[in-house]
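Reader: I should like to go through the terms used for this structure and see how each one is justified. Please begin with the term on which the overall account rests.

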Amino acid sequence: MEELRFNPSVNTQRHQYVIDFVKTHKPKKVVDLGCNDCSLLRKLKFHREIELLCGVDLQSNSMKKKMHELAPLPTDYLQPGASPLSIELYHGSVTQKDARLRGFDLVTSIELIEHLHLDAVERFTEVLFGYMTPGTAIVSTPNVEFNPLFPRMRGFRNSDHKFEWTRAEFQSWALKACGRYGYEAEFTGVGQAVPHLHLQVGFCTQIAVFRRLSRGGGAPASSGDAGEIFSYKRLYSVSYPSLCDNNVLRGCLVSEVLHWAYQLSRRRRTEDGDGDDGEEGLGHTEPDRAETEPTGDPRDTCKPQHEFEESVFDGEGTHGWEDVKMTSRGQLESYRQGRCVFVPLHRVWSCCPRIRDLSGSLARLRLFIADDPLVRLSQDGFAVVLDEGEEVSEEEPENTNRMDPACHHAVEEEMWESL
């Protein structure tokens with residue numbers, strides 16, 4: 001019999017099964033029991049629907065070798081996620097209880113249970129379903145009926161395996177746990193043999209997906225679990241930057257405002273003898289309805305575009321202004337006073353959809369950036385003030401928190417390939 005090979009590998013297929021589940025069901029709290037070298041966690045961290053990602057393993061050395069690869073990438077600082085993400089690693093046995101891992105949306109146990117002695121399997125089952133009580137649990141284990149298709153194999157697939165179950169044995173354990181703790185299970189697997197053998201031997205790896213019944217007849221956690229139990233030692237913890245943090249949000253807004261203010265100020269320096277309106281090269285078309293319609297924020301005294309311009313051109317408002325630039329639609333673009341260029345904040349807000357999405361209104365944008373040392377606003381808060389003497393490079397200002405999406409995804413793909 002020829003040696004059986006899988007492409008992609010069965011391990012990759014196991015991980016992909018979990019990833020596909022996360023994409024579909026979007027759990028916010030996920031823990032991987034028996035995380036080993038954190039290979040699954042390093043893939044799951046890219047799925048930012050997850051807000052808390054944890055790993056547990058008895059072998060601390062395996063986690064320590066790779067745990068720093070769970071740290072944020074440069075792109076995570078350049079493009080912070082909309083939701084928070086924290087990653088934690090714990091050293092401990094899956095047969096022990098720890099209150100920090102209760103009530104998760106998803107628990108994964110990938111090729112773990114076969115490394116436990118049968119008496120430990122009973123404790124693991126009670127901890128997983130009776131104490132941790134996750135919304136969903138994914139448990140995978142080798143299918144011993146598949147082993148004859150590996151001609152060189154003698155005994156179990158790994159020398160550390162204490163047992164390997166048939167499909168009937170695995171399903172018997174799973175259904176017994178369901179009846180006792182109030183879950184339902186469905187069975188599947190990865191690593192399929194040739195079609196004419198699949199019904200006979202099943203999948204290489206068998207998988208059970210457990211879902212907690214909202215009103216099941218399962219037994220509740222024992223009364224002895226009422227107290228807080230902390231059996232694990234935390235080895236690693238990191239929090240990713242996110243827009244939920246006002247400091248991160250302010251940094252993003254400041255970077256975007258400065259970038260667009262510089263872009264708009266360049267147009268003041270450009271002669272428009274060709275008759276165009278100067279919009280070309282800014283990566284956007286004429287401002288949309290958000291520029292001319294009220295924001296809906298009662299605090300926002302600067303509403304439609306024409307009200308801005310009427311107020312600044314009335315009376316003494318233009319005293320000392322030089323080189324006033326208007327768009328083809330008669331909208332104030334920028335003006336100069338002495339060595340300073342003034343770019344109206346409403347123009348910056350209207351030109352960049354990302355700024356509008358992040359701030360919500362012009363009034364909130366002004367509040368966010370008013371006290372930031374990197375941004376200089378006019379006394380009335382009407383305009384962003386730039387020093388005309390500063391050289392504006394053709395590249396984006398440093399630390400702008402901006403990155404081409406294609407480059408962002410390329411970095412992620414490169415990281416995925418290295419896992």
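Author: A residue counts as buried when its relative accessible area is under 20%. The model is predicted, and of the 419 residues of its protein chain, 49% count as buried. The chain has 13 helices and twelve strands.

Reader: What makes strand 1 mostly covered?

Author: Strand 1 spans residues 29–33, and four of its five residues are buried. Each of those four therefore falls under the 20% limit of relative accessible area.

Reader: How do you know that strand 1 and strand 2 pair?

Author: Pairing requires at least two bridges between the strands. Five bridges join strand 1 to strand 2 (residues 52–57), so the requirement is met. The two strands run parallel, and Asp32 has Gly55 in strand 2 as its bridge partner.

Reader: Why is helix 5 called oblique to helix 6?

Author: The axes of helix 5 (residues 118–132) and helix 6 (residues 167–181) cross at roughly 45° and come within 11 Å. Angles under 35 degrees count as roughly parallel, and 65 to 115 as roughly perpendicular. The crossing angle belongs to neither class, which makes helix 5 oblique to helix 6. The crossing is right-handed.

Reader: Which residues of the two helices meet, and of what class are they?

Author: From helix 5, Val121, Thr125, Glu126, Phe129 and Gly130 meet Trp173, Ala177 and Tyr181 of helix 6. By class, this contact has five nonpolar, two polar and one charged residues. Gly counts as polar, so Gly130 belongs to the polar class.

Notes:
Residues numbered from 1 in each chain as written. Predicted model: local features only at pLDDT ≥ 70, side-chain atom pairs only at ≥ 80, totals over all residues. Heavy atoms only, no water. Axes fitted to C-alpha atoms, helices over the stretch in contact; angles between N-to-C directions. Parallel < 35°, antiparallel > 145°, perpendicular 65-115°, else oblique. Left-handed = near helix turned anticlockwise from the far one by under 90°. Contact = heavy atoms within 4.5 Å. Buried < 20%, exposed > 50% of the residue type's maximum accessible area, 1.4 Å probe, protein only.
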